[in-house]
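Thanks for asking me to look this one over. Here is my note, written for someone opening the model for the first time.

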Amino acid sequence: MKIQEKRKTATIQNKEKRIEICEEVDIAEAVSEALVSAKTAGFSLTRQYMVAIAVSELATNIRNYAGKGEITIRALERETEKGIEIVAEDSGPGISDVEAGMQDGFTTSDGMGLGLPGVKRLMDEFVIETEPGAGTRITARKWN
């Protein structure tokens, strides 16, 4: 199943960071890299933290639900805008009901069920590709 919203044409720059997510320290590394990338793209402090929070949620989901995966952070450019693309990928169990997973308060664990809907609200573009038993790929973009 795929949910796609507000996807616009963008050029991916050569600046890319890949962080393998297995342990809690990896989540911290991904958040740190997100902050640096957003700052480099000229984002305000508030927008830098919006990107960092989104990365924290996505990386935490990878660790908690798939066990391991990867966060990729890319610099983007579109006409006069700069942006950040976050790709969270894993080969875990996938999301069996994406629509339910995008509802505030829905959870399959003891969490608050705010992670994915929160990431969608924080970012400008948000796409989920998932297949039960085959993993999940989430692409989120923020423009400056």
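The points below go from the overall layout to the core, the pockets and a few single residues.

1. First, keep in mind that this is a predicted model. The protein chain has four helices and six strands. Reading from the N terminus, the elements come in the order β-β-α-α-β-β-α-α-β-β. The chain has 144 residues, and 42% of them count as buried. Look also at how far contacts reach along the sequence: among those between residues at least 6 apart, 66% join residues at least 24 apart.

2. Next, the inside. In soluble globular proteins, nonpolar side chains tend to be buried together. Here the largest nonpolar core has 29 residues. Ile 21, Val 51, Leu 58, Ile 71, Ile 84, Ile 86 and Phe 126 have the most contacts inside this core. Two or more residues each come from β2, α1, α2, β3, β4, α4, β5 (125-131) and β6. Helix α2 gives the largest share, six residues.

3. Ile 71 is a good place to start if you want to see that core from within. Setting aside neighbours within four places in sequence, Ile 71 is in contact with Lys 17, Arg 18, Ile 19 and Ile 21, as well as Ala 30. The same list of contacts for Ile 71 goes on with Val 55, Leu 58, Ala 59 and Ile 62, then Ile 86, Val 87 and Ala 88.

4. Which residues lie nearest the centre of the largest pocket? They are Asn 61, Tyr 65, Ile 95, Thr 108 and Leu 116, out of 31 that line it. The elements giving two or more residues to this lining are α2 (45-66), β4 (81-90), α4 (115-122) and β6 (135-143). Helix α2 again deserves a look, since nine residues, the largest share of the lining, come from it. The space inside the largest pocket is about 690 Å³. By class, its lining divides into 13 nonpolar, 14 polar and four charged residues.

5. The second largest pocket has a volume of about 220 Å³. Its lining counts 15 residues, with Lys 15, Ser 37, Thr 40, Ala 41 and Ala 75 nearest the centre. Here β2 (11-21), α1 (24-40), β3 (69-78) and β4 are the elements that give two or more residues. The lining of the second largest pocket has six nonpolar, four polar and five charged residues.

6. Ser 37, one of the residues nearest the centre of that second largest pocket, sits in helix α1. Is Ser 37 buried or exposed? Ser 37 counts as buried because its relative accessible area is 15%, and the cut-off for buried is under 20%. Beyond residues up to four places away in sequence, Ser 37 touches Ile 73 and Ile 84. Ile 84 is also among the residues with the most contacts inside the largest nonpolar core.

7. Helix α4 is mostly covered, with six of its eight residues buried. These are Gly 115, Leu 116, Pro 117, Gly 118, Val 119 and Leu 122. What do the buried residues of α4 pack against? They pack against α2, α3 (98-101), β5 and β6.

8. Leu 122 belongs to this helix, α4, and its 18% relative accessibility is why it counts as buried. Leaving out residues up to four places away in sequence, Leu 122 touches Met 50, Ile 53, Ala 54 and Lys 142. Leu 122 and Ile 53 are 69 residues apart in sequence, yet 8.2 Å separates them in space, C-alpha to C-alpha.

9. A charged residue on the inside is worth a stop. Glu 85 lies in strand β4, and at 3% relative accessibility it counts as buried. How is its side chain partnered? The side chain of Glu 85 makes a polar contact of 2.8 Å with the side chain of Arg 74. Another polar contact, of 2.7 Å, joins the side chains of Glu 85 and Arg 141.

10. Last, compare Glu 79, in the loop between β3 and β4. Glu 79 counts as exposed because its relative accessibility is 78%. Its phi is near 50°, a positive value in a residue other than glycine, so have a look at the backbone there.

Key
Residues are numbered from 1 along each chain as its sequence is written. This is a predicted model: local features need pLDDT of at least 70, side-chain atom pairs count only at pLDDT 80 or more; totals for chains, interfaces and linings use all residues. Side-chain values use heavy atoms; hydrogens and water are left out. On a 1 Å grid over the protein atoms alone, a cavity is a set of points where a 1.4 Å probe fits but cannot get out, and a pocket is an open set with protein on both sides within 12 Å along at least five of seven lines; lining residues have an atom within 4 Å of a point. Grid points are joined across faces, edges and corners, and a volume is the space filled by probe spheres set on the points. Ala, Val, Leu, Ile, Met, Phe, Trp, Tyr, Cys and Pro count as nonpolar, Asp, Glu, Lys and Arg as charged, and the others, Gly among them, as polar. A nonpolar core is a set of buried Ala, Val, Leu, Ile, Met, Phe, Trp, Tyr and Cys residues joined through side-chain atoms within 4.5 Å. Buried means under 20% relative accessible area, exposed over 50%, partly exposed in between (1.4 Å probe, protein chains only). Contact means heavy atoms within 4.5 Å. A polar contact is a pair of N or O atoms within 3.5 Å; within protein, one must be able to donate a hydrogen and the other to accept it, and residues adjacent in sequence count only if both atoms are side-chain atoms.
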